[in-house]
Amino acid sequence: MTSFAPEPAHVTELRRQLSRWVADRMPREKRREWDKAHTWDRALFKELAEMGLIGLTIPEEYGGQGEDIYAAAAVIEELCQGGPSMAGPFIHAAFYGGLNISENGSKEQKEALLPKLARGEMFLCYGLSEPNVGGDLPSVETRVTRDGDEIVINGAKRWCTGADWSDYIYCLCRSGGPEDRHGNLTFVLVPTDAPGVSMQPLEHANLRYTDSMDVFLDDVRLPASAIVGGPEKWNKGWEALAGRALDVEKIEITAVAYGIARAALEEAWTYAQERTQFGKPISRHQAIAHKLVTARTKLAACRHMLYHAAWLASEHMPCSVETAMAKLYVADTGVEIGLACQQVIGAYGLSDAYDIERNVRDLLGMPIVGGSSDIQKNNLARMLRL
Ligand SMILES: Cc1cc2nc3c(=O)[nH]c(=O)nc-3n(C[C@H](O)[C@H](O)[C@H](O)COP(=O)(O)OP(=O)(O)OC[C@H]3O[C@@H](n4cnc5c(N)ncnc54)[C@H](O)[C@@H]3O)c2cc1C
């Protein structure tokens with residue numbers, strides 16, 4: 001696919017390699033099987049790690065390839081051509097883990113975690129949402145208190161995707177009274193096997209590479225060194241959440257939305273040329289052709305927004321507005337593209353004989369997860385000083 005500027009040669013090569021790998025290792029019947037079982041394949045993921053892909057968010061001194069956000073977004077896009085089953089775990093290792101620890105971890109945390117994350121041997125999950133807290137993250141109620149050299153956590157996290165197989169929860173906690181909404185927040189790395197941690201799965205229709213969990217934290221006692229960034233980062237959680245990691249987080253979820261929308265369109269595009277009704281391929285009926293070229297046009301706009309934002313982030317340039325716009329536009333437009341493609345595929349668009357049914361379920365969640373479209377609009381209005 002062409003772009004407004006030549007894509008870096010190493011990214012083009014990465015795409016070529018990955019698209020062959022996805023076609024070979026993630027055939028349709030496997031994708032269907034993983035989706036139904038809410039699972040992913042560890043042995044396959046190991047192959048991705050051996051290609052050095054997880055290291056694209058991790059500095060070389062810690063065993064990574066050196067941060068390359070643009071390339072990491074392209075990896076997500078290509079993996080999504082086979083559904084979320086490999087893109088999901090990739091994000092848990094490279095972004096929730098690699099990027100956050102590289103950006104916000106203490107020296108000890110970087111030395112202990114980053115090499116394992118880069119090798120694909122460790123995963124983090126996000127503990128942000130709670131039963132009473134969705135978009136309004138500064139209102140989290142899970143409490144962390146200090147007790148000498150230790151900290152104690154009590155509360156509950158909801159939608160903690162992958163908590164059952166991740167090593168740590170990157171857990172946002174309230175570390176003081178609610179009067180200072182942003183100043184009394186602390187991130188803690190909670191080992192998922194720590195005494196006091198229990199969990200149960202939630203049923204959900206989208207992103208079924210895994211279960212999403214309700215996690216209960218009852219008197220979870222950890223050393224103060226479990227605070228992300230070390231004890232000196234007590235009450236500094238909001239800085240970590242609202243900093244560069246959040247911009248890049250939006251790129252990562254935007255890459256998922258774009259990748260899945262692209263997969264939906266490729267399937268509908270091929271289908272429309274193969275399916276014959278009224279004596280000709282349905283792509284030759286104007287209503288279908290218009291749907292498809294409109295979707296292709298929207299997809300091209302999405303691509304520009306995603307990779308422009310990713311390029312800004314890769315160059316360490318300010319990109320909060322561009323990443324918020326990309327998340328908003330690509331997530332909302334991805335839904336439009338997915339629904340149009342489902343119409344093109346007709347009855348089969350609602351069966352599991354094609355990928356479109358799963359792709360639409362996944363696209364429907366995109367304007368909700370990772371900061372809803374409404375929240376992006378609120379943030380954009382603030383950033384643009386409306
Ligand atoms: C499959 C799946 C996986 C997930 N994985 C994770 C995970 O790993 N970790 C994690 O922490 N969370 C996860 N989430 C949770 C997700 O991030 C939240 O669903 C999201 O933040 C929105 O929260 P909410 O659904 O509670 O909506 P709410 O915040 O309750 O909002 C409900 C509706 O009101 C709108 N709204 C709310 N406030 C405003 C406002 N101020 N102005 C305008 N509109 C507003 C929202 O846009 C939305 O449409 C996951 C969710 C799903 C479905």
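**Figure 1. A hairpin made by strands S2 and S3.** In this close-up, S2 and S3 form a hairpin that leaves 2 residues between the strands, shown here as part of a predicted model. Look for Gly148 in the turn, where phi is positive at about 65 degrees. Strand S2 covers residues 143-147 and runs antiparallel to S3, with 5 bridges joining the two. One pair to pick out is Arg143 and Asn154: the latter, in S3, is the bridge partner of the former.

**Figure 2. The shell around the ligand.** Strand S3 (150-161) comes back in this view, since S3, strand S1 (124-127) and helix H12 (373-383) each supply at least two residues of the shell around the ligand. Which residues come nearest to the ligand? Of the 21 residues around it, these are Leu128, Gly134, Trp159, Ser372 and Asp374. By type, the shell around the ligand divides into 11 polar residues, 9 nonpolar and 1 charged. Domain 2 (125-235) and domain 3 (243-384) both give residues to this shell, so the ligand lies between the two domains.

**Figure 3. The whole protein and its domains.** Stepping back for a moment, you can follow the chain through domain 1 (9-122), domain 2 (125-235) and domain 3 (243-384). The protein has 9 strands and 12 helices. Its C-alpha trace spans about 80 × 50 × 40 Å along the principal axes. How does the radius of gyration fit with a compact globule? For 386 residues such a globule would have a value near 21 Å, and the protein has 21 Å, which agrees. Buried residues make up 48% of the 386 residues. Among the contacts with a separation of 6 or more, 73% are between residues 24 or more positions apart.

**Figure 4. Where domain 1 touches domain 3.** The C-alpha centres of domain 1 and domain 3 are 21 Å apart. To this contact, domain 1 gives 21 residues and domain 3 gives 24. On the domain 1 side, helix H2 (28-37), helix H4 (69-79) and helix H5 (84-104) each supply at least two residues. Which element gives the most to that side of domain 1? That is H5, with 8 residues. The residues on the domain 1 side that touches domain 3 divide into 10 nonpolar, 7 charged and 4 polar.

**Figure 5. Strands S4 and S5 side by side.** Strand S4 (residues 168-174) and S5 run antiparallel and are joined by 7 bridges. To find your place, start from Arg174, which stands opposite Leu185 in S5. Is strand S5 (residues 185-191) mostly covered or mostly open? Mostly covered: 6 of the 7 residues in S5 are buried.

**Figure 6. Met199 and its surroundings.** Met199 is found in strand S6, which takes in residues 197-202. Why is Met199 classed as partly exposed? A residue counts as buried with 20 or more other C-beta atoms within 10 Å and as exposed with 12 or fewer; Met199 has 18 such atoms, so it is partly exposed. Setting aside neighbours within four places in sequence, Met199 is in contact with Ala163, Asp164, Met213, Asp214, Val215 and Phe216. As a landmark elsewhere in the chain, take Asn104, which is 95 residues away from Met199 in sequence, with 26 Å separating their C-alpha atoms.

Notes
Residues numbered from 1 in each chain as written. Predicted model: local features only at pLDDT ≥ 70, side-chain atom pairs only at ≥ 80, totals over all residues. Near = placed C-beta within 6 Å. Helix = DSSP H or I, 4+ residues; strand = E, 2+ residues; numbered from the N terminus. Nonpolar A, V, L, I, M, F, W, Y, C, P; charged D, E, K, R; others polar. Domains from an automatic or database assignment. Rg over C-alpha atoms; globule rule 2.2 N^0.38 Å. Contact = placed C-beta atoms within 7 Å. Pairing = 2+ DSSP bridges.
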